[in-house]
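This report describes selected backbone and packing features of one protein model. Please read it alongside the sequence and structure shown here.

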Amino acid sequence: MSSLAREIKSCRLCADIFAQTETAHEPRPVVWFQPNTPILIAGQAPGARVHESGRPFTDPSGDRLRDWLGIDQAVFYDRAQVSIVPMAFCFPGYDARNADLPPPVICRKTWHDRVMQDLGQVPLTVLVGGHAHKYHLGVRTSVTETVRSWQDHAPRVFALPHPSWRNTGWLKKNPWFEADLLPVLRARVQEVLND
Ligand code: SF4
């Protein structure tokens with residue numbers, strides 16, 4: 001683990017914010033990156049299950065994301081191949097309606113530019129959800145518009161919706177995503193892994 005990764009692992013900046021959420025949990029940064037991996041997955045924030053497991057995407061969203069990428073768990077969790085950097089490293093907690101809170105902005109402000117510098121040039125960056133779209137592409141368009149314009153950024157960057165079950169309806173409404181985008185993404189994943 002790099003010194004930066006160790007620094008993040010011990011971060012407790014959001015302790016007071018998390019204590020005031022419905023879950024009243026402690027920070028537990030899920031840190032999973034190292035320089036020079038061929039793939040970067042830029043996500044949103046760990047959910048409750050990932051908060052428990054301490055490994056990214058150990059939930060149904062992870063199963064769907066691995067399917068989208070066309071890789072199994074062995075490749076997905078190979079730290080030499082895949083870095084996983086969410087917009088917040090900790091589970092943000094639930095609001096009163098049991099929905100995930102957004103990633104705390106302080107995490108991005110404190111860590112992200114340094115992490116991106118540490119990672120260097122990544123051949124394939126996969127952006128998962130609107131928060132990652134905004135940071136990495138600087139866009140202010142809706143998730144649907146950004147994902148629909150995927151060819152503007154491919155093959156180095158692919159903007160995806162979040163793989164949460166909450167987006168199953170979105171997938172049904174936008175069949176071009178599975179028909180057109182995913183085959184190109186899977187081919188690019190294999191290309192950078194075999195390079
Ligand atoms: S979310 Fe980020 S800034 Fe907040 S405690 Fe976790 S690592 Fe630190």
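In which sense do E1 and E3 pair, and over how many bridges? E1 and E3 pair in the parallel sense, over four bridges; strands are said to pair if DSSP finds at least two bridges between them. The model is a predicted one, in which local features need pLDDT of at least 70, side-chain atom pairs count only at pLDDT 80 or more, and totals for chains, interfaces and linings use all residues. Residues are numbered from 1 along each chain as its sequence is written. Helices (H or I, at least four residues) and strands (E, at least two) are DSSP runs, numbered from the N terminus.

**Strand E1 and its partners**

E1 is also joined to strand E2 (residues 82–84), by three bridges, and these two strands run parallel. Ile-39 has Val-82 as its bridge partner in E2, and in E3 Ile-39 stands opposite Leu-124. In a regular strand the side chains alternate between the two faces of the sheet. In E1, Ile-39 and Ile-41 point one way while Leu-40 and Ala-42 point the other way, and all are buried. A residue counts as buried if 20 or more other C-beta atoms lie within 10 Å of its own, as exposed if 12 or fewer do, and as partly exposed in between, with C-beta atoms placed from the backbone.

**Helix H4**

The buried residues in H4 are Ser-61, Gly-62, Leu-65, Trp-68 and Leu-69. Seen down the axis of H4, these buried residues fall within an arc of 120°, so they line one face of the helix; the arc is that of the directions from the helix axis to the C-beta atoms. An α-helix has 3.6 residues a turn, so residues three or four places apart point the same way. The cover over the buried residues of H4 includes strand E3 (124–128), E4 and helix H10 (176–194), where contact requires C-beta atoms, placed from the backbone, to lie within 7 Å. Just after H4, Gly-70 takes a positive phi of about 75°.

**Backbone features in loops**

Two residues other than glycine with positive phi are tabulated below.

| Residue and phi | Loop | Other C-beta atoms within 10 Å |
|---|---|---|
| Asn-36, near 70° | between helix H2 (15–19) and strand E1 (39–42) | 12, exposed |
| Phe-57, near 55° | between helix H3 (48–53) and helix H4 (60–69) | 27, buried |

A cis peptide bond, with omega about 10°, joins Ala-154 and Pro-155. Pro-155 lies in the loop between helix H8 (143–148) and strand E4 (157–160).

Definitions and conventions: Two residues are in contact if their C-beta atoms, placed from the backbone, lie within 7 Å.
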